[in-house]
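Hi,

Here is the model I promised to pass on. Have a look at it first, and my notes follow underneath.

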Amino acid sequence: MTALRRVGPALFAPVLAVVVALVISSAVMAVLQVDPFRVFEVMLDFGETPSQQITALVVILNRAVPLFLAGLAVAVGFRMGLFNIGVEGQYRLATIVAAAAGAAVTLPGPLHVGLIVVVAMLVAALWAGLVAVLKVTRGVSEVISSIMLNYVALGLASYLLTGPFRGSPPGSQIVGTADIPESGWVPSLNGIFDLFGLANPPRQLYGFLIIAAIAGIIVSVLLNRTRFGFDLRASGISPSAASASGVNARAMVVKTMLLSGAIAGLIGLPDLLGSTHAYTTNFTAGLGFLGIAVALLGRNRPGGIALAALLFAFLDRALVPLQIADFPASVVTIIQGTIVLAVVVANEVAKRIARRSAERGSAEPVAAGSGPAGTAPAGGSVDERQGVQA
Amino acid sequence: MSTVLTTPEERAGRGPVTTRLTRLGSRRVWWVLAGVLVLLSVVRVISGQDQLTSSSTMSAALLLAVPIGLAGLGGLFSERAGVVNIGLEGMMILGTWGAGWAGYQWGWAAALAGGLVFGALGGLLHAVATVTFGVDHVVSGVAINILAAGIARFASELLYTDNPAGGGVTQSPALSSKPPVLSLPVLSSGPDLLGDLEARHWFLLSDLAGVLRGVTQGVGVLTLLAVLLIPATYLLLWRTAFGLRLRACGENPAAADSLGVPVYRMKYVAVIISGALAGMGGVFLVFIAGIYRENQTGGRGFIGLAALIFGNWRPGGLASGAALFGFSDALQLRSRTAVVALMLLVAIVLAAVAVWQAVHRRLLRATVAAVVAVASLVGYLLIDQLPPGIVSFTPHLTTLLVLSLASQRLRMPRADGLVYRRGEH
Amino acid sequence: MPAPAGGVPYAVELHRITKRFPGVVANRDIELRVARGEVHAIVGENGAGKSTLMKTLYGEHRPDEGTISIDGREVSFRSPSDAIAAGIGMVHQHFMLADNFTVLENIILGSEPTRGGRLDRAEGRRRILEISERYALGLDPDQLVEELGVGDRQRVEIAKVLYRDARILILDEPTAVLVPQEVDELFGNLAELKREGLTVIFISHKLDEVRRVADAITVIRRGTTVGEADPRTTTARQLAEMMVGSELPSPETRTSTVRTTPVLQLRDVTVGAPGGRPLVDDVSLTVHEGEVLGIAGVEGNGQAELVDAIMGLRVPSSGTVVLGEDDITSWSTRARREAGIGFIPEDRHRQGMLLDATLWENRILGHQTRPPAAKGFFIDRKGSRADTERIMKEYDVRAPGPDTLAVALSGGNQQKLIVGREMSSKPRLLVAAHPTRGVDVGAQAVIWELLKDARAEGMGILLISADLDELIGLSDTLTVMLRGRLVATLDPANVTPEQLGGHMTGADTTAGAA
C-alpha cells in the first residue's frame, strides 16, 4: 500500500493527461464522423498469427529504443533546468560521423561497435558543449543557439553525405555513407524468442535495446546516487540553494550539456547498427522533438521515459494498419500532440495542488516567534525567476 | 533559462555597439545602412559578384525576409508582454493550413483571414496554458509545435483525400485566386529606369539602384502589408496607452497590476495577436507557393524568434535581423559563388573589429578577430564555390555569429518568461 | 467608534481587521484611526504584520474580517484600482518600477493621458513637472528609472500616487534604504504634502524618525494593535517597550568559553552596489573559537551582503576574509564549506533547502562531498537516511520520517533540521543568519541550547539577528550594523534593550533618545 502511496501521486498527472488526451481525440474523431472505437480497435490489433503479433511487438520496441534515448537526453537537461532543443542536430551529426568512422575501419566485433558508439557520443557532446560555452561565455540564449546549430548540423550532414563521406556510387536513388562492415553490426535479439518458444519473425529486434537499457540505468544511477547527480538535480530545483551549497553554476551548465549531448549521440545508433548500417537520405529525423514530448510525458525519469517511449512507439506503429483500414492515420499525431499538452498542464496543476496541501497540512497557530513564515524577507526585492532564454 | 549566470551588474550594461546603434534612432540608422551599402558595393566591385546587390537578389531577400519578420513580430508582441513564445512555428503551421483551406474555396482574401484566425487559435491555446495554468512558457510552446503539426496533417488527411478540388495528405488544393502584385510605375516597371541604372554596374549608384528596384518591383500586397506592420507595431507599442500597458506587463507585471492594469487580460491579447501574426507569416508562404504544403514553414518560426532576439526586441532591429537573414538566404540560393564573396566582407569587418579592439587594448579579442579575419580572407581567395550543404546554413551561421558578437549587450523585457501569478510577487 | 473632536470623520478607519494566510494569522483584530491631514505612523517589529495591513488597505487583498472606512464611508476594495479611485495611493517598500521605462512612463502607466488614441506624452510631462514643482520632488520625466538612485526612485513612487490625485498616502518603510540626507529630503516632502492637506500613513520601525515627523502613532505587535501613542508625550523607551514587549531577557551569567584563537577575521571588507553607496562599508571583525559574535541591526543594512561575502556567494570589492590561518577571499563556496564553515541561511526556502525534495536529500545539501552524505563519487543513501534519523531525534524534528518532503514540515521543524545538518559536520565557524525566524517558541529554545552547547565546544558563531532576546541571550560580543557599517560594540551583559534598539535604529545619532 505504501509503495502505491509513494508512486501514486507521481503517476497521477501523466495518467490523467493520457486519459484526457484520448477523450479529446475521440471527441474530435466523432465530430468528424470517424468512429473512435473502431480506430482504437485497429490500433490494438496486432494481427492473427503469432508471427504477426511478435512482428508488431518488434516494430514497437525498435521504434521505442531511439525514442527512449532521445527522451533520456532531453530529460537530463530538463532536470537541471536547461532546454536542449539541439538534440535534433546533435544526433544527426553524430550518426553520420560515426557511420563514416565505422565504415572506414575494420576491428574485431565489440571494439568496432565500441568505436562507433564512442565517436557518436563525442561528436554529439561537443556539438552540445558548443551551446553551453556560448551561453556561459557570451550569454547567447541556449534556445536560439541550439536551433541555429540544428540547421548547421543539417547542412554539414548534407555536405558530408554528398561529399567526403559519400559511399554510394554516383546516380544512386538513395545516397548514403559506405556500409559498415559486419564487425560493426549489433546482432539482433531474435534468439530470445526461440528461447521462450515464441514465433521468430523475419523482423529483427534491435540488439541496441540492451545498450539503451544500460544507458538508462547508468543515467538513473548517476542522477540519483552520485554527488554530481545531486548537484545537477539541486541546480534544477533551486539554483539559489544549489549555489549556497557550493555548486558552481557555470560549470554545471557545461557539464550538463555535455552529458545530454553524449546521450543524444546514441539516438541514431539503434537504426544504424541494427538495420541500415549506413547513414542515408532515409535518415529518421524529428526524434529530437519527439524526445522532448517523451521526456515531458515521462516526467524526466528514466522509468517514465521508457513507458512514454513505448506509448509513442505503439501509436506510431498504428499508422500503417490505420491507413490500410482506410482511417485518417494522422489521428495518431493528434493524440500524441494532445497528450503532450495535456501532460504539461496536468503536471503544473498537480504541482500546485501538492504544494498547497503540504502547506496547509503544516499550518500552525500564530508563530510565537517573529512572525509569518510565508512573507517575503526584506533586504532584496529582486524576484527570483526561472528566466527562460538566459 | 537560468538567472544564476547573470548578476545585476552584468545585466544592466549596454555595450558600445548596441548603444551606438539603438540610441538616437533614425539619423544613426541611416548612416549605418549607408555604410553597409558602401561595404557591399566595394566587395562587389572587388569580387565581381554582381549578385551581391542585384535587384533579383534583393527581391528574393524581401520574399524570404517577410515570413521571418512576421513571425518575429508575433514573438515581439508576446515577449514584450512577458510570455516567451517558442510555439511560433506551430502557429505558423496552423496559419499555412488555415490559409490553404480557406484559400482554395474562397480566394486570397479568405486565405488571409483563415491564416490569421488559425494562427490566433494557436495563440489562444498558448495563452491558456501559460497565463491561466502557469505552465512553463518554453514547454508549452514546444507542445504546441507538436500539436499543430499533428492537427495540420490530420485535417489535411480528413479533408483533402478524395477531394474533387485536388490536394492530398500533405497539401491543399490550389488557391482559387492570387493576390495582386504591385510595381513602382516609372522606376521599376515600364521604362524601368532603375533597371537601366543597375545594369551599368557603376560603383555605389548601381548597387543602390539594385536595392531599390528589388524592393519595389513585383511586390505583393501582403508584402506591403507586412512591411507597413513594422512601423505600425512601433506606433502601437510605443505610442499608445495600450502599448505602454502591454510592455509594462513584460517589464514589471506586479507594478502594472498595482496600478490597475489587467495583466492577465493583456497577456492573453498579446499572445493571441502573436499567434495571428505568425499565422500571417504562414499565409505569406502559401501565397508564394499557391498551395498549403506540409513542412512549408521549414523552421521559420524559430528563425523569427532569433531575429527578435537579434533585434533586441524592437521592431526596427527585428526587421534588420529578418533582412540580414533573408539577404544571406537569398544569396546562397541564387549563387554559391556570391556567398564566397561574403567571406571577403566578413574578413573586412572583422579586420576593422580587430583594429578597434587593439586600440582599446583588448588584445585577446583583437587577436581572435584578426585570426578569423585572416582565415576568412584566405577562404575567399582559395575557395571558388561552396558546396550546397555548407552554403545552406549561411543565414543560420550569420545569425549565430552576430548574436555571439553582440549578445551580451542585449536587454530583453525584464519579466520575459516569468510565470506571473497575482499575489506571489 | 468615536469620531474625532469637531465631528469631521476619520480619513481612514480600520476596525477589527483580520487576515489569515495558509499556516499563519497575519493580522488579528487590528484597530486604526487616522485623522485627515495628519501624518500617522504605524510602528512594529519586522514580521509584526504592518505590510499585510497596508496591502489590505490598498486593495491588494480582502480582509477575512473587519471593516474599512474612508472619510466615514464604509468601503470594500476588490483591487488596487478601487483603492486608487477612493483616493488612496501606496508607495511600496520594494519599489514597483519598471527599470527599462522612463520616469514619465512609470508614472502615467494605467492612467495615461491620450489625445486621439495616441499617448499624450506632452500632457503627461506637463502634469509631472507641475507635481514635481509643487512638492519639490525634482524629477526629470524623460530619465530612465534604471539610472536613478534610491532616493529619486522613491520620489517617483510618490509622484505616481500624487499623479492619481491621491488624498491619502501610504508609505511602507520609506526610509529603510535612505541615507540621512535623503531622509531629510523625504521629511521635507512630507511636510509639503501635509501643507496641501493630504493624509499620510507611514509604516516604520525607526523610532527616532517616527517621533520626528509623526503626529500620531499606532503600535502593532504580533499581528494585533497594542496601542496608540502621542509622539509629543511618549518617550522612545516607552515606544520601544510597546514594540518589543516588556519582558526582556536578562542574560544569564555564564562562564566565558571564548578562546584566543581567531576563527574568522574580516578586514576592511567592502561590498559595493552598482552606482550607489556600498552595501557593506569597510567592515572589520573577528570571531574567536568558542565565541558568539552577534550582529544586531534592522534588516536591509547590509547583513545579508556580509553573509554572502563570507560564504563566497558575493565577491567583495575590497578587503580580505580569513578563516583560521587561510585567506579564503578567493575561494569558492564549496571550498569554504569543506574548510569548515556551516551556514544557516536567513531565507531557508531560498538558500537552505530543496522544498520539493525529501529530508534525507536535504541532509546532503551543502555537504555533498563528505560522509555521511557521500562516499567517494556516490551519494550514501543509507548513511544519509540514518544520519537524518539521528538528527530528527537529537534535534526534535517532528516529521513522519526521513522520506517526508521538506515542504510538509513546519517552519520550526525545517529550521531544526537545517541547524542539525550544519552542526553535524562540526564546522569551525557557523554563520547563523536569523536562525530562529518563523520558528515556534519551543523550537527556538531548542536551537538556542544547541548553539550554546556548540559554542562551549569551541565553535565560533557569527550570529545575525533582529531578535533582541536572541542577541542578548546568546552573544559574547555584540556589534550593531547600520547602513553597511559596524557602528557600536556592546557588552550584552550590560546593555539595555533601549540602548540596543537605539543603536539599531540610529536614535543615538540624533537628539531623539529620551
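In α11(B) there is a kink of about 30 degrees at B:Ile230, shortly before the proline B:Pro231. The bend at a residue is taken as the angle between axes fitted to the seven residues ending there and the seven starting there. Helices here are DSSP runs of H or I with at least four residues, strands are runs of E with at least two, and both are numbered from the N terminus.

Before going on, the housekeeping: this is a predicted model, local features need pLDDT of at least 70, side-chain atom pairs count only at pLDDT 80 or more, and totals for chains, interfaces and linings use all residues. Residues are numbered from 1 along each chain as its sequence is written, while chains are lettered from A and ligands numbered from 1 in the order in which they are written.

Back to the helix. α11 of chain B covers residues 221–239, and its 19 residues should span 27 Å at 1.5 Å a residue, which agrees with the 26 Å between its end C-alpha atoms. (The expected span is 1.5 Å times one less than the number of residues.) B:Leu222, B:Thr223, B:Ala226, B:Thr233 and B:Leu237 are its buried residues. Buried means 20 or more other C-beta atoms within 10 Å of the residue's own, exposed means 12 or fewer, and partly exposed is in between, with C-beta atoms placed from the backbone. The buried residues of α11(B) pack against α4 (55–80), β2 (219–220), α12, α14 (263–289) and α16 of chain B.

α16(B) turns up again at the domain boundary. Chain B splits into domain 1 (52–334) and domain 2 (336–407), with bounds from an automatic or database domain assignment. Their C-alpha centres are 29 Å apart. Contact involves 11 residues of domain 1 and 13 of domain 2, where two residues are in contact if their C-beta atoms, placed from the backbone, lie within 7 Å. On the domain 1 side, α15 (300–310) and α16 (315–334) of chain B are the elements giving two or more residues, and α16(B) gives the most, with seven.

Now the chain contacts. Between chains A and B, 54 residues of A meet 50 of B. α6(A) gives the most to the chain A side, with 13 residues. That side divides into 31 nonpolar, 17 polar and six charged residues; Ala, Val, Leu, Ile, Met, Phe, Trp, Tyr, Cys and Pro count as nonpolar, Asp, Glu, Lys and Arg as charged, and the others, Gly among them, as polar. Chains B and C give 21 residues each to their contact. On the chain B side, α12(B) gives the most, with five residues.

What about the largest nonpolar core? It has 406 residues, and A:Leu69, A:Ala124, A:Ile263, A:Val294, A:Val340 and C:Val431 have the most contacts inside it. A nonpolar core is a set of buried Ala, Val, Leu, Ile, Met, Phe, Trp, Tyr and Cys residues joined through C-beta atoms within 7 Å. Both domains of chain B give residues to this core, so it lies between them. Leaving aside neighbours within four places in sequence, A:Val340 is in contact with A:Ala293, A:Leu296, A:Leu297, B:Ala143, B:Ile146 and B:Leu147.

One last residue: C:Thr52 sits in helix α1 (residues 50–57) of chain C. C:Thr52 is buried, with 25 other C-beta atoms within 10 Å.

Cheers
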